[in-house]
Amino acid sequence: MKTNAARLLDALDIDYGILTYPVDPNNLVAGATADKLGLPHDQVFKTLVIRGDRNGICLAVLAANAQLNLKALAKLTKDRKVLPVPLKEVQPLTGYIRGGVTALACKRHYPTYVDEWIEAHDHIAVSAGMRGAMLWLTPQDYIKATQATVGAIAM
């Protein structure tokens with residue numbers, strides 16, 4: 001199974017694994033995905049699509065068990081205010097459906113901001129760009145592939 005996200009990692013010569021899990025369309029929260037994979041919630045990372053009032057769309061990546069600190073993200077993005085985009089806009093902006101959003105190989109490249117907790121792990125799981133599949137890779141490789149800025153954006 002090769003997704004565009006996996007193809008991007010291949011093109012960058014980044015090692016990764018693919019983890020699969022059964023999808024429940026009624027429960028797409030990242031914590032449920034972590035449970036299905038048998039991984040700690042702080043090792044599975046979700047991607048949120050955010051709109052800033054000055055700089056537009058960006059992606060926020062944080063652990064499944066964390067909440068986004070909007071003020072901290074706004075400070076990092078140099079926006080006065082940031083808000084999650086409405087769900088109906090996620091797929092047109094990223095090319096991915098809810099439960100499959102990833103910062104890897106989006107429809108367009110968006111600035112990506114990753115919570116600093118990512119650096120606490122040797123490996124992390126992030127969406128492979130579709131429901132039911134996660135990529136298993138090092139945080140350093142993920143940061144490199146997404147050109148992410150690391151900061152304290154979770155609470």
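This is a tour of a predicted model, stop by stop, with selections to make in the viewer.

The model is predicted, and local features need pLDDT of at least 70, side-chain atom pairs count only at pLDDT 80 or more, and totals for chains, interfaces and linings use all residues. Residues are numbered from 1 along each chain as its sequence is written, and side-chain values use heavy atoms, with hydrogens and water left out.

**Stop 1: strand β2 and its partners**

Select residues 44-52, which are strand β2. Helices (H or I, at least four residues) and strands (E, at least two) are DSSP runs, numbered from the N terminus. Two strands are said to pair if DSSP finds at least two bridges between them.

Add residues 56-63, strand β3: eight bridges join β3 to β2, and the two run antiparallel. They form a hairpin with three residues between them. Pick Ile50 and look across to Cys58 in β3, which stands opposite.

Now add residues 82-84, strand β4, which pairs with β2 in the antiparallel sense over three bridges. Ile50 appears again here, with Pro84 as its bridge partner in β4.

Finally add β6, which pairs with β2 in the parallel sense over two bridges. Val44 has Ala125 as its bridge partner in β6. In a regular strand the side chains alternate between the two faces of the sheet.

**Stop 2: helix α3**

Select residues 70-77, helix α3, and colour Leu73, Ala74 and Thr77, its buried residues. Buried means under 20% relative accessible area, exposed over 50%, and partly exposed in between (1.4 Å probe, protein chains only). Why do the buried residues lie on the same side of α3? They cover an arc of only 100° around the axis, the arc being that of the directions from the helix axis to the C-beta atoms. An α-helix has 3.6 residues a turn, so residues three or four places apart point the same way.

Turn to the other side of α3 and select Lys71 and Lys75, which are exposed. Back on the buried side, show β2, β3, β4 and β5 (112-115), against which the buried residues of α3 pack; contact means heavy atoms within 4.5 Å.

**Stop 3: salt bridges**

How many salt bridges does a search of the whole structure find? There are three, each being a side-chain nitrogen of Lys or Arg within 4 Å of a carboxyl oxygen of Asp or Glu.

- Select Arg51 and Glu89: the closest N and O atoms of this salt bridge are 2.6 Å apart. The pair links distant parts of the chain, with Arg51 in strand β2 and Glu89 in helix α4 (residues 87-94), 38 residues apart. Arg51 is partly exposed at 34% relative accessible area, and Glu89 is partly exposed at 23%.
- Select Arg80 and Asp53, whose side chains meet in a salt bridge (2.9 Å, N to O). This pair also links distant parts of the chain: Arg80 is in the loop between α3 and β4, Asp53 in the loop between β2 and β3, 27 residues apart. Arg80 is exposed at 61%, while Asp53 is partly exposed at 38%.
- Select Asp10 and Lys2, a salt bridge with its closest N and O atoms 2.7 Å apart. Asp10 is partly exposed at 37%, and Lys2 is partly exposed at 44%.

**Stop 4: Tyr21**

Select Tyr21, in the loop between β1 (17-20) and α2 (30-37). Is Tyr21 buried or exposed? At 11% relative accessibility, Tyr21 counts as buried. Leaving aside neighbours within four places in sequence, its contacts include Thr33, Leu37, Gly99 and Met134. For a distance check, the C-alpha atoms of Tyr21 and Ala5 are separated by 17 Å, with their positions 16 residues apart along the chain.

**Stop 5: a nonpolar patch**

Show the surface of Met1, Ile18 and Met130, which make a nonpolar patch of about 260 Å². Patches are made of residues with over 30% relative accessible area and no salt bridge, like charges being joined within 9 Å and nonpolar side chains (Val, Leu, Ile, Met, Phe, Trp, Tyr) within 5 Å. Accessible areas come from the Shrake-Rupley method with a 1.4 Å probe, and for residues only the protein chains shown count as cover. Met130 lies in strand β6 (residues 124-130) and is partly exposed at 34%.

**Stop 6: two positive phi values**

Most residues other than glycine have a negative phi, and most peptide bonds are trans. Select Asp13, where phi is positive at about 60° although the residue is not a glycine. Asp13 is in the loop between α1 (4-11) and β1 and is exposed at 69%. Then select Gln147, with a positive phi near 55°, in the loop between α5 (139-146) and β8 (149-151). Gln147 is exposed at 60%.
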